[in-house]
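Thank you for sending this model for comment. The points below are offered as a reading companion to the coordinates.

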Amino acid sequence: MQEKRISRVEFPAKPSTPTKPPPQKLVAAYARVSTMKEAQENSLQSQREYFTDYIQRHPDWFFAGMYTDDGVSGLSVRNRDGFNRMVADALGGKIDMIITKSLSRFARNTVDALTSSRSLKTAGMAVYFQKENIQFCLCPCPQNMNQNLRQSRRF
């Protein structure tokens with residue numbers, strides 16, 4: 001009987017691919033004060049410091065900037081340069097999520113709030129309103145914001 005010969009074939013080990021950390025979410029903050037009074041100035045500075053620290057404490061977030069409007073009413077987006085720059089940057093892919101203190105800081109005009117939120121939502125953006133604990137991009141419809149806007153004006 002013939003002896004069978006068995007050959008062992010060695011395959012090189014798969015090169016290990018270094019695991020990439022998950023991509024960081026580009027997170028920006030928006031703050032607005034409606035008057036130029038000193039107390040409001042301190043509030044704006046406090047908001048800047050708070051949001052910068054808040055975003056940087058999240059390891060999966062990258063601080064994408066702080067957008068502010070100082071001494072500008074929230075009744076219209078027309079004269080809110082910081083807000084308009086933020087929306088343009090978000091639509092341009094520079095921001096993945098926006099955090100703001102409250103819905104009333106984002107917009108006090110229902111039409112502006114809904115128009116802005118719809119365009120941001122369409123682009124896949126999220127906006128988080130801390131005080132109300134609302135992240136509207138995850139909500140099924142921005143119409144719910146009507147009720148939240150009315151409630152935020154009462155305070």
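The numbered points that follow concern the sheet, its helices, the cores and one buried residue.

1. The structure is a predicted model. At its centre of discussion here is an open sheet of 5 strands with mixed pairing, in the order S2-S1-S3-S4-S5. Strand S2 (61–70) and strand S5 (134–135) are at the edges, and each has a single partner strand, so one side of each is left without a neighbour in the sheet.

2. Strand S1 (residues 25–33) pairs with S2 in the parallel sense, over 9 bridges. Within this pairing, Lys25 stands opposite Trp61 of S2. S1 also pairs with S3, in the parallel sense and over 4 bridges, and here Val27 has Met97 in S3 as its bridge partner.

3. S3 and S4 are likewise joined in the parallel sense, over 4 bridges. The bridge partner of Ile99 in S4 is Tyr128.

4. Which way do the residues of S3 point? Met97 and Ile99 point one way from this strand, whereas Ile98 and Thr100 point the other way. All four are buried. This agrees with the general pattern that side chains in a regular strand alternate between the two faces of the sheet.

5. Helix H2 (residues 81–91) lies across S1, S2 and strand S3 (97–100). The helix runs at about 150 degrees to S2.

6. The largest nonpolar core has 20 residues, and those with the most contacts inside it are Met86, Ile95, Ile98, Phe106 and Leu120. Two or more residues are given to this core by each of S1, H2, helix H3 (103–106), helix H4 (110–122) and strand S4 (126–129). H2 supplies the largest share, 4 residues.

7. Leu120 deserves a separate look. Leaving aside neighbours within four places in sequence, Leu120 is in contact with Val87, Ala90, Leu91, Ile98, Phe106, Met125, Val127 and Phe136. A second, separate core has 10 residues, among them Ala29, Tyr54, Trp61 and Ile99. Ile98 and Ile99 of S3, which point opposite ways from the strand, thus appear in the largest core and in the second core, respectively.

8. Is Gln47, in helix H1 (residues 38–56), buried or exposed? Gln47 counts as buried because its relative accessibility is 7%, and the cut-off for buried is under 20%. Not counting residues up to four places away in sequence, Gln47 touches Ala31, Arg32, Val33, Met66 and Lys101.

Methods. Residues are numbered from 1 along each chain as its sequence is written. This is a predicted model: local features need pLDDT of at least 70, side-chain atom pairs count only at pLDDT 80 or more; totals for chains, interfaces and linings use all residues. Side-chain values use heavy atoms; hydrogens and water are left out. Two strands pair if DSSP finds at least two bridges between them. Contact means heavy atoms within 4.5 Å. Axes are lines fitted to C-alpha atoms, for helices over the stretch in contact, and angles run from 0 to 180 degrees between N-to-C directions. A nonpolar core is a set of buried Ala, Val, Leu, Ile, Met, Phe, Trp, Tyr and Cys residues joined through side-chain atoms within 4.5 Å. Buried means under 20% relative accessible area, exposed over 50%, partly exposed in between (1.4 Å probe, protein chains only).
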